[in-house]
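Student: I would like a close look at a single part of this protein, and then at what lies around the rest of the fold. Could you walk me through it slowly, with each term explained?

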Amino acid sequence: MYDTDVIISGGGMVGAALAVALSQAGLAVMVLEKQQPASFAADSAIDLRVSSLNLRSERWLASLGAWQHVQQMRLCPYQFLQAGEGNAAVRFAASEIAEPHLGHIIENNVVQLALWRQFNEQVEVITDTQIVALQQNDSSVSVTLSDARIVSAKLLIGADGAHSVVRQLAGIGTQGWQYQQACLVAYVDTPYPQQDITWQQFYPSGPRAFLPLPGAQASLVWYDEAAKVKQLAQLAPAALERAFIEAFPDELGAVKLKSSAWFPLARMQAQQYVKGRVLLAGDAAHTINPLAGQGVNLGFADAMLLVELISANLQARRDLADSASLLQYQRQRKLQNSLMMGAMDVIYQTFSRDSDTLSFIRQQGLRLAANAGVAKRLLTQYAVGNGVF
Ligand SMILES: Cc1cc2nc3c(=O)[nH]c(=O)nc-3n(C[C@H](O)[C@H](O)[C@H](O)COP(=O)(O)OP(=O)(O)OC[C@H]3O[C@@H](n4cnc5c(N)ncnc54)[C@H](O)[C@@H]3O)c2cc1C
C-alpha cells in the first residue's frame, strides 16, 4: 500500500505547478515544503525575486486555473523587449506576432501562492518539513521526513531548487560551473508611470536590465564581475541609488531605491533527471544564467512534459514510473535545457568581450536583427516560448 501516488519535495513555482496538474489528472499528491510561503496583501512590498513569464508558461498556468489568482494579485505585462549595445538596438514587439503582450514580470511569491490556491483535496501539503532519507525498490519509493515519519509513493519528484536534497539523497551528480559574473537585483520606484517595455543594455562588464513592475516601479538587474557586485551591495542606499542612475542608460530616469540583494550566477545540469522512481524538475535539475529570464519557463516546460507522460501512464494503467516514459522525459528535457543553456553562454561570451572590432560586429548584428523581417518574427516567437524550448 502506498501513502500517496506522488511525493513532491518543494512547493515552489515548479513543484506547486506539478502538484496542481497531477492532482487534476486524478493522482493523489503529497507536497513537502521546507517553509510556508509568505502571504500576500495588496499593499505588501514587492518580492525582490521576480521572473519574466513567457506566453507558454502563462497559458499553462491559465489551463491549471492559477492565472486568474495571479491576476487578482499583481503582475505587469510588457509589449516590447529590447536588447542594445552602444547606440544599436533591436526591439521586439508583441504586435509583430499578433499577441497582446510578449510576457509578464511577476513576483515568484505571487506565482507560487496562485498555484497553492489551486491545490484541491487530492493534494496534501506538509510544511516545515524535509526529507532526510530515501529508499526505493521495484514497486515503490519511501522517504523519511525530518520528524521521523516515513511516507511511501509510486514516484518522488525533486522540485526543491538548485540545492536539491532529493538530488543529493538519490546520488545524482551535477555538471556545471560558477560564472565570473554575479548580479545585483534592485526594486525601485521610477519617475514614469507603469512601463510596457523590458530592456537590456550590454556592456563589456555585463548587461544591465530593466524589468517593469506594476505602477511606477521596476526591477533592475546589474550583471558585473562578482567582486564589483559585492562592492555595490555594500554601498549605503543613497550611494547605490546614484550608482544605478549613473551606470544605467538615461531612459531609466531618477529612480528611488527600495531594496536590493545580490545573487551568484551558476550553470548546473544534473547528470540524470531520472533514477528509478525518483525524478528531478526545475532548478533541482538545471540552473541557467538568468540573463534572458528563462529559468522558471524551462522548469514549467519540464513540468508540462512530465505531467503529459505520467498522465499517459495512468490512462494506460501502466506503472507511473514506466521506465520508457521517464527516459523520454530525461532525453527530451535534458537536450532542450542544454540547448538553451548553450545559447545563454554564447550571449554571455559574445557580449563580455571588450574589443572595438567585436563591439562593431555586435552592433551591426543588432541593427541587422532589427530589420530582419521574418527571422525577427521567428526570434520573437522563441522569446515568448512558442519555439522548441
Ligand atoms: C537573479 C535571478 C533572476 C531570475 N530571473 C528569472 C526570470 O526573469 N525568468 C525566469 O524564468 N527565471 C528567472 N530566474 C530563475 C528562477 O528564479 C528559477 O528558475 C525558479 O525559481 C525555479 O523554480 P523552482 O520551483 O524549480 O525552484 P525554487 O524557486 O528554488 O523553489 C524550490 C522550493 O523548494 C523548497 N525547498 C528547498 N529545499 C527543500 C527541502 N529540502 N525540502 C522541502 N522543500 C525545499 C523551497 O523553499 C522552495 O519553495 C532568476 C533567477 C535569479 C537568481
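Tutor: We will begin with one helix and its partners, and then visit some rings and a few single residues. This is a predicted model, in which local features need pLDDT of at least 70, side-chain atom pairs count only at pLDDT 80 or more, and totals for chains, interfaces and linings use all residues. Residues are numbered from 1 along each chain as its sequence is written, and side-chain values use heavy atoms, with hydrogens and water left out.

Our helix is α1, residues 13–24. Helices (H or I, at least four residues) and strands (E, at least two) are DSSP runs, numbered from the N terminus. Two packed helices are described by the angle between their axes and the distance between the axes. Axes are lines fitted to C-alpha atoms, for helices over the stretch in contact, and the angles run from 0 to 180 degrees between N-to-C directions.

One partner of α1 is helix α8 (residues 295–315): their axes are 9 Å apart, and the packing angle is about 25 degrees. That makes the two helices roughly parallel (under 35 degrees; over 145 is roughly antiparallel, 65 to 115 roughly perpendicular and the rest oblique). Their crossing is right-handed, meaning that the near helix is turned clockwise from the far one by less than a right angle, while an anticlockwise turn would be left-handed. From α1, the contact (heavy atoms within 4.5 Å) uses Met13, Val14, Ala17, Leu18, Ala21 and Leu22. The α8 side supplies Val296, Gly299, Phe300, Ala303, Leu306, Val307 and Ile310.

Another partner is helix α4 (residues 108–116), whose axis comes within 9 Å of that of α1 and crosses at roughly 20 degrees. Here too α1 is roughly parallel to its partner, but α1 passes α4 in a left-handed crossing. Met13, Ala16, Ala17 and Val20 of α1 make this contact with Asn108, Val111, Gln112, Leu115 and Trp116 of α4.

Also in α1 is Ser23, which is buried, with a relative accessible area of 3%. The cut-offs are under 20% for buried, over 50% for exposed and partly exposed in between (1.4 Å probe, protein chains only). Leaving aside neighbours within four places in sequence, Ser23 touches Val29, Asn120, Gln122 and Val123.

Now for the rings. The structure holds nine aromatic pairs; rings of Phe, Tyr and Trp (its six-membered ring) pair if their centres lie within 6.5 Å, with planes under 30 degrees apart called stacked, over 60 edge-to-face and the rest tilted. One of them joins Trp199 and Phe248, with ring centres 6.2 Å apart and planes at 55 degrees, so this pair is tilted. Because Trp199 belongs to strand β14 (residues 197–201) and Phe248 to the loop between α7 (237–247) and β17 (256–270), the pair ties together parts that are 49 residues apart in sequence. Both rings belong to buried residues: Trp199 has 4% relative accessibility and Phe248 has 3%. Phe248 also pairs with Phe244, at 5.3 Å between centres and 55 degrees between planes, so that pair is tilted as well. Phe244 is buried too, at 1%. Ring pairs join Trp199, Phe210, Trp222, Phe244 and Phe248 into a cluster.

Rings can also lie under a charge. For Arg, this calls for CZ within 6 Å of the ring centre and within 35 degrees of the ring normal, and for Lys the atom is NZ. Arg208 does this over Tyr203, with its charged end 3.8 Å from the ring centre, and Arg91 over Phe80, at 5.4 Å.

Let us finish in the loops. Arg49, between β2 (29–33) and β3 (50–54), is partly exposed at 42% and is in contact with Glu107, Asn108 and Phe263, neighbours within four places in sequence set aside. Most residues other than glycine have a negative phi. Ala98 is not a glycine, yet has a positive phi of about 55 degrees; this residue lies in the loop between β6 (88–93) and β7 (103–107) and is exposed at 69%. Arg317 likewise has a positive phi, near 55 degrees. Arg317 is found in the loop between α8 and α9 (323–352), and it is exposed at 79%.
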